[in-house]
Amino acid sequence: MMKKKKLVSRLFEILKYGSLVIATLCSLIPVCVCVLTAFKTNEEYASTSVLDLPKSFLNFENFVIAFQKANMLRGFFNTALVLVVVLTASVFMGSMLAYVLNRFKFPGRGLIQNLFMFAALLPGIAMQVTIYQIMYSLGLVNHLYGYMIVLMGTDIISIYIFLQFFENLPISLDESAIMDGCTYFGVFFKILFPLLKPAIITSLLLKGVSVYNEYYASNLYLQSPELKTISTALYTFTGPYGNQYNYICAGVLITIVPILILFLIFQRQVYGGMAAGAVKG
């Protein structure tokens, strides 16, 4: 009996660690292929397999061509501008809306929260025809501010993050501040908003990654070359006669660098924010 239990336990350990190894390989192999391809010349890419090593890891010609030909500097500028505006608006709108829904009792409050949940379940692609018609009729297509408005209006997850965090802030804070003569705006901006730092970091992380990687809406609403974001700039090297994957991979590595640097700088705040802001309650 004991031998049977040990055998089952050993098989379970093998399956557990084997699945972890397989998952790790599935995650790392595409990254390794991208790195190897980014350093290959056109001739090397055409004559070798994807896992073959390039002749030299000191060949940065692909990176220079990708950066210049795809106009990635403009893409980074547009993406940074969109990130600053969208994330700032998202934090303030999400936190203020969560404050109203959590702290004030009024008819229809439950209905509004349920409608937000219903909207979160709807696939965004299913509503793009209607959204595009509205954007076109308002003259917001092919304008960076129109693209920002689209991204700001789809942040339901952040609202629920703030709602969850407000549940853990005692209402006595509001009552004490109001008794001292503070207004509702003062309560929010002076008392509660500084306490939302973990939730803000979590919201910025989730929304920032989503905006930085967003491709569909930017390709649909930003049609002028000078309005390219960093996600659409890489499609310069795609075409009907084939794709230049060595330049695409070089561009992908360039786009990873800023996010990697920011993550290494703020990783303590990111982990703290996710732990404190996303799982409370």
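Student: Is N71 buried, exposed or partly exposed, and at what relative accessibility?

Tutor: In this predicted model, N71 counts as partly exposed, because its relative accessibility is 40%. The residue lies in the loop between α3 (61-69) and α4 (72-103).

Student: What is the phi of N71, and how should I read such a value?

Tutor: As a general idea, most residues other than glycine have a negative phi. Against that background, N71 has a phi near 55°, which is a positive value in a residue other than glycine.

Student: Where is N142 placed, and what is its phi?

Tutor: N142 sits in the loop between α6 (128-137) and α7 (144-152), and its phi is positive, at about 65°, although the residue is not a glycine. N142 is also partly exposed, with a relative accessible area of 24%.

Student: How do I read the packing of two helices, taking α4 and α7 as the case?

Tutor: Two packed helices are described by the angle between their axes and the distance between the axes. For α4 and α7 the angle is about 40° and the axes are 9 Å apart, and the two helices are therefore oblique to each other. The crossing in which α4 passes α7 is right-handed.

Student: Which residues of α4 and α7 meet, and how do they divide by class?

Tutor: From α4 come N78, L81, V82, V85, V86, A89 and M93, which meet L144, Y147, M148, L151 and M152 in α7. Sorted by class, this contact of α4 with α7 has 11 nonpolar residues, one polar residue and no charged residues.

Student: At what angle do α9 and α10 pack, and how far apart are their axes?

Tutor: Helix α9 (residues 172-179) and helix α10 (residues 184-192) pack at an angle of about 120°, and their axes are 10 Å apart. These helices are therefore oblique to each other, and the crossing of α9 and α10 is right-handed. On the side of α9 the contact is made by L173, D174, A177 and I178, and on the side of α10 by Y184, V187, I191 and L192. By class, the contact of α9 with α10 has seven nonpolar residues, no polar residues and one charged residue.

Student: How many disulfides does the structure hold, and why is there no bond from C34 to C249?

Tutor: A disulfide is a covalent bond between the sulfur atoms of two cysteines. The structure holds zero disulfides. The cysteine sulfur closest to that of C34 is in C249, at 3.9 Å, which is too far for a bond, since the cut-off for a disulfide is a sulfur pair within 2.5 Å.

Student: Are C34 and C182 buried or exposed?

Tutor: C34 is buried, with a relative accessible area of 13%, whereas C182 counts as partly exposed at 22% relative accessibility. The cut-off matters for reading these values, because buried means under 20% relative accessible area.

Student: How should I read sequence separation beside distance in space, for instance for I29 and S95?

Tutor: Take the two quantities together for each pair of residues. I29 and S95 are 66 residues apart along the chain, and their C-alpha atoms are separated by 40 Å. I29 itself is found in helix α1 (residues 2-38) and is partly exposed, with a relative accessible area of 44%.

Student: How far apart are A46 and L11?

Tutor: A46 and L11 are 35 residues apart in sequence, and in space they are 44 Å apart from C-alpha to C-alpha. A46 belongs to helix α2 (residues 42-47), and this residue is exposed, with a relative accessible area of 68%.

How values were computed
Residues are numbered from 1 along each chain as its sequence is written. This is a predicted model: local features need pLDDT of at least 70, side-chain atom pairs count only at pLDDT 80 or more; totals for chains, interfaces and linings use all residues. Side-chain values use heavy atoms; hydrogens and water are left out. Axes are lines fitted to C-alpha atoms, for helices over the stretch in contact, and angles run from 0 to 180 degrees between N-to-C directions. Helices (H or I, at least four residues) and strands (E, at least two) are DSSP runs, numbered from the N terminus. Angles under 35 degrees count as roughly parallel, over 145 as roughly antiparallel, 65 to 115 as roughly perpendicular and the rest as oblique. A crossing is left-handed if the near helix is turned anticlockwise from the far one by less than a right angle, and right-handed if clockwise. Contact means heavy atoms within 4.5 Å. Ala, Val, Leu, Ile, Met, Phe, Trp, Tyr, Cys and Pro count as nonpolar, Asp, Glu, Lys and Arg as charged, and the others, Gly among them, as polar. Buried means under 20% relative accessible area, exposed over 50%, partly exposed in between (1.4 Å probe, protein chains only).
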